[in-house]
Amino acid sequence: MKNNIKQFCFPGSAKEAAALMNKLKHKAVVVAGGTRLSRALLPSVETVIDLADLPLKHVKADRKWLRIGALCSIAELEKSPLLAQWAGGVIARAAGQWSNALARSMGTVGGNVSRAHPHNNLPPVFLALDAVVVCSDGRAEKVLPFARILEPAMMRQIGTRYIVVEVCIPAATRTWSAALARLAITKTSWEAYTSCVVAVDRKDGSVRGVRVVVGSVLPRATRMGKAEAVLDGKPCSEASARAAEAALQAELQSLTGGAQAKAYACRVSGVLARRCLMEAFQG
Amino acid sequence: MSVSDKRDFTVVNHRVEKIDALALACGTAQFTDDVDIRGLLVGRILFSPHAHARIRKIDTAAAKKVPGVLAVLTHEDLPRVRHTTAGQGYPEPSPYDTLVLSEKARYVGDRIAAVAAETAEAAEEALSKIKVDYKVLPAVFDTMEAIQKGAPVIHDEDDSKNIPDAARNICAKFDFEVKESEWFSEADVVIDQWYKTQWAQHCALEPHVTITYIDGDGRLVIRTSTQVPFHCRRITARVLQRPLKSIRVIKPRIGGGFGSKQEVLLEPVCAALTLATRRPVKFELSRKETFVSSRTRHPFVIRLKTGARKDGIITDAHMEVYCDNGAYGAHSLTVMMCSGSHTLPMYQAKNSRFIGRSVYTNLPVGGAYRGFGATQGFFAWESQMDMMAEKIGMDPLDFRRKNYIRSGEGSPVFKAMGEGREGIEQKIGSCGMDECIVKGMEAFGWHEKKQRNRNQTGVKRRGLGCACLMQGSGIPEVDMAAASIKMNEDGSFNLHMGATDLGTGSDTVLAQIAAEVLGVTVKDIIVLSSDTDLTPFDVGAYASSTTFISGNAVKKAALHAREQIVKVAARILDEEPEGVDLRDGKAVGKSGRSCALSEVANTAFYYHDQHQIMGVASHTAASSPPPFAAHFAEVEVDIETGQVTVLGYVSTVDCGTAINPTLAEGQNDGAVLNGLSFALTEEMRFNSAGAMVNSSFRNYKIYSAGDAPPFKTILIPTYEPDGPFGAKSVSEIGINGPQPAIANAVYDAIGVRLFSPPFTPEKVLAALEAKKEGKVLAGAR
Amino acid sequence: MAKTKGRGVLKTVEGRISIRLDINGKDQAWKVEPGEYLLDALRREGYKGAKRGCDNGDCGTCTILVDGKPALACMMFAAQAHGRRLTTIEGLGTTDRPHPIQQAFVETGAVQCGFCIPGMVLATKALLDEDPDPDEKAVRRALDGNLCRCTGYVKQVEAALLAAKKLQGGKAS
């Protein structure tokens, strides 16, 4: 299709890539995994910056953080032995549930978190594990809470002002009990009615801390504060899970403005959350 | 036993490797677009953005000025020839209501103008510069609303032909009744139910694609992804008002069709641009255009009112169907009729009535699609069979066994209803239904699973369902196929036929039939199909006709060649021709002496009574022997989310002699999986303006290897006396089973009847809720 | 973070970008259009085994291997292939000397219309390179991006499992 592309750049570092991007501004576009840009490509774009060479393919843990490089493919997360051990393997499982083998092979962590799409399924799991995102603007690195990244104003700056360098997850979450569930028309469907991730920090059979996140239903992955509040300090029991289910359904209904088209998704989100909680309580 | 009736096969009924498989697996087999043609122009179509609009004026001046644009055409530039795009035997029993480029927009996606340019960019820029002055008209999107008085009239032009009632948007109608006693007077139970099926698309992986060019002799060559090369030639010649002899249609390898390529869609517009520019032109629909602007499966609204006696005999069948054809008539009459003609004979009710209406709406156009109306008809019928069985307290399989048509039996429906006209009388020559049921139940573990599923309590409930089916094998006294076989010096043969392999494996199956007759292997048969300049006529690949009708033509042609071979061999062997047999690439005499076929060929070419050994034959059938099938499904329904998961699926199919069991299994596997996603996921959805909202594989889900549930095909051999070596059709029947089998299984699991597929989690949960609240589900209407 | 060198910059000269890449073990120098997708470039250069089923990354008929990993040629700019190692179906085997995976697809009857098969064969190759002895579940997962409307996948899964056996047998002997 008609375009004004004049050059391709393959920077060797995030800093270099971000500096270039900031210099060229609207004259550049960033690609990494698989993209079909042609329909959205602005006529101003003259430079394509391909991030494929960035040395950001690591999955590693230090004392403070689990660090996942932005250029890791979804397939690599799925197969990572370290991730299989982390919070019940919830990140690897989320990666494995995403779309199909070709998308998992081409798609990157950076792309999955920085394209504002409600059906991408890494954002809910990162949100549930208190992730932060390290971004570079070419001069300095900036650390942002994951929820911040998902805000539309910030999302617009990823790939225009910032490059995602890595996603970092606090070391403490390693022992959390987590679970996820997804309801879609078929297993490999990229779109879902809803998806849900819960992560529970348990102590003596009670909930010490909990994250309940819903994806696919709202424009972006969202923590369900009311459901979390209902669970706080409560025993890890079916009664708690059912109370959370009701709270989540009410909260989601209000967030969707009671839209009839979303009624089913709200309802089954509660069901999935309850099931995830039961799994996490027992895990 | 003569070779014609032999049963101890050496090639037929063997798992011969598909003859084109290796080249396809190596990526060297050539599809339509896999050739490089110098100077090829890109063709693009301007599609209507409105569901219903009159075109006041089209201004193409600016578009024509775009650099690289060589032609811009509208309806004003083409002969105004109303035609049907449905590739059927001539004269087609369809309304002539279509122009290559439309004079009025009748749906979102209707074809308004066409462009040929040096590059895709130039073509698209030209499209954006065509100015169309539309007067938007009220549109109608609902089948039943469209036939009400006062609904917008979609075909108000005065030059369309063969529309029964244009003012009421009725593009085809057919009624028939056989009555032996007063309606429902003998019935102990009566069920009156409405059903509604959805819009769906074929989703052949290769989109519609056509390349046209003018060859060195000034003839128009159409290289195209088609199921119907000869109909394509005829229809294109007529609509462009060119002599038929000036057109050659070449069918290369085809990337699937399933009925969508039984329509002549791109060829006339592509050819018109080649004629306008004198340049080669290619049209390749995008996936979105394939969804919206090729063809679809007709949604049906069906009323089925049936009666049965307490002893399990079906007494009455009243079937009323409203087939939504979208904006044009295409296969309106034939698909509508097949919903009855393939279902009503299955169970022999004394009183049978069929009332069929095909209806225009401002939506995409229904066409031929694997199953061809029988799919929609059997959803209603096989759901209703379970409901009747329950009402009279009989096992659903026993109930079916009491009623299905047996070998030796006929049906008044066969005579009354053909495809688009009166049918023919026929008696069933082979029926393996009973074995289909018995072997299917056994392989599926019906009784064990029934036992295991008793007294379920959890949130996931399992249930079993079945469906029994039939189809046809070609259209009797309409479909005609021909083949020629010529012998080469090395004892190999060129098999030329119009039969159209679109990925089905017919080239292999037909080569097996020829090889069986000629006593050689398929490696000795060089197949050419099809090229209207080189191969004999064949109506094409549809109506489950190829193995049965083209197969008989090939068998006859091979027998014709065989006669000639035997005559020459008898002379070489110095024996009587009657005693000569052909086997292992040799002619073998009664004495046991033999000569190689190459010697026979060389003798004919060079030594004695010099001539080309060549067989030619044609075939039409006086019957359309139905294949039979039984399907068994186990589902698990999550009663909190409504999600239906298929745990297991077994289908048994009686296709007579499977000429190639591997390919026959593959045909049935593919049909069943398509049926499964048609039951559970597939649906074209439209917004309030009539535009399709899910026109990509991302949003319109067909099953992947990861989505497909475990399922199994079992072939049940019978011998069909009218078929080549006992064969009947196999390609379509399998798609008819999953919708009813799954609906029945869901009912078994949760006690809820579903009348409008696809059975999405949302719908199933809503139906469960309605049942809990004591509401009676209204059904489709 | 250690700074490594990227592939640098490719500039348009007279409307074309020159790229170098390895296709099926052979070095190639191509001139591509700046906004051209890899699928279009491959097909223009004669690699017709990569098919166009949707041009939207949803069907898998254009699957190739990039540095050994399955990728959709319709989802990459041609210029992004600069400096990469590509495998197309033409690089696996020929009709004279088919690759064991191709042979397995033929023997099991996994090929019907065949339009999806080159992509399916390459996805199988990527799987077996990584996991030489997969079970049915692993095969179904590895092939779940390659849509097929003809076969129901039954014989294609059999083909991949047979191919694994053939390849392992080859190593043993």
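**Figure 1. Chain B, an overview.** Chain B holds 19 helices and 28 strands. The model shown here and in the other views is predicted. Along its principal axes, the C-alpha trace of chain B spans about 90 × 70 × 50 Å. A compact globule of 781 residues would have a radius of gyration near 28 Å, and the 27 Å of chain B agrees with that. Of the 781 residues of chain B, 62% count as buried. Sequence separation adds to the picture. Take the contacts in chain B between residues at least 6 apart in sequence: 80% of them join residues at least 24 apart.

**Figure 2. Helix α8 of chain B, a mostly covered helix.** Helix α8 of chain B runs over residues 332-341. Buried residues make up 10 of its 10. Among them are B:Leu333, B:Val335, B:Met336, B:Met337 and B:Cys338. B:Ser332, B:Thr334, B:Ser339, B:Gly340 and B:Ser341 are buried too. Both strands and helices of chain B help to cover these residues. The strands include β7 (170-178), β15 (300-308), β16 (314-326) and β17 (351-360). The helices include α9 (374-392) and α11 (412-416).

**Figure 3. The largest nonpolar core.** This core counts 419 residues. Seven names stand out, since these touch the most other members: A:Val198, B:Val115, B:Leu495, B:Ala514, B:Ile742, B:Val746 and C:Ala73. Helix α15 of chain B, residues 546-573, gives the largest share of the core, with 12 residues.

**Figure 4. The surroundings of B:Ile742.** B:Ile742 is one of the residues that touch the most other members of the largest nonpolar core. Leave aside residues up to four places away in sequence. B:Ile742 then touches B:Gly465, B:Ala633, B:Val635, B:Val644, B:Val646, B:Ala679, B:Leu680 and B:Phe759.

**Figure 5. Domains 2 and 3 of chain A.** The domain assignment splits chain A into domain 1 (7-53), domain 2 (59-172) and domain 3 (176-282). The centres of domain 2 and domain 3 of chain A, taken over C-alpha atoms, lie 20 Å apart. Their contact takes 19 residues from domain 2 of chain A and 23 residues from domain 3 of chain A. On the domain 2 side, helices α4 (90-96) and α7 (122-128) of chain A each supply at least two residues. The largest share of that side comes from α7 of chain A, with 5 residues. By class, the domain 2 side has 12 nonpolar, 6 polar and 1 charged residues.

**Figure 6. Where chain C meets chain A.** Here 35 residues of chain C are in contact with 27 residues of chain A. On the chain C side, β1 (8-13), β5 (69-72) and α4 (136-142) each supply at least two residues. Strand β1 of chain C gives the most to this side, with 5 residues. The chain C side has 17 nonpolar, 11 polar and 7 charged residues. A strand pair also links the two chains. Strand β1 of chain A (residues 7-10) and β1 of chain C run antiparallel, joined by 4 bridges. In this pair, A:Phe8 has C:Leu10 as its bridge partner.

**Figure 7. Where chain C meets chain B.** In this view, 45 residues of chain C are in contact with 43 residues of chain B. Four helices of chain C each supply at least two residues of the side that touches chain B: α2 (100-108), α3 (117-130), α4 and α5 (154-172). By class, this side of chain C divides into 20 nonpolar, 15 polar and 10 charged residues.

How values were computed
Residues are numbered from 1 along each chain as its sequence is written. Chains are lettered from A and ligands numbered from 1 in the order in which they are written. This is a predicted model: local features need pLDDT of at least 70, side-chain atom pairs count only at pLDDT 80 or more; totals for chains, interfaces and linings use all residues. Two residues are in contact if their C-beta atoms, placed from the backbone, lie within 7 Å. Ala, Val, Leu, Ile, Met, Phe, Trp, Tyr, Cys and Pro count as nonpolar, Asp, Glu, Lys and Arg as charged, and the others, Gly among them, as polar. Two strands pair if DSSP finds at least two bridges between them. A residue is buried if 20 or more other C-beta atoms lie within 10 Å of its own, exposed if 12 or fewer, and partly exposed in between; C-beta atoms are placed from the backbone. A nonpolar core is a set of buried Ala, Val, Leu, Ile, Met, Phe, Trp, Tyr and Cys residues joined through C-beta atoms within 7 Å. Domain bounds come from an automatic or database domain assignment. The radius of gyration is taken over C-alpha atoms; the globule rule is 2.2 Å times the number of residues to the power 0.38.
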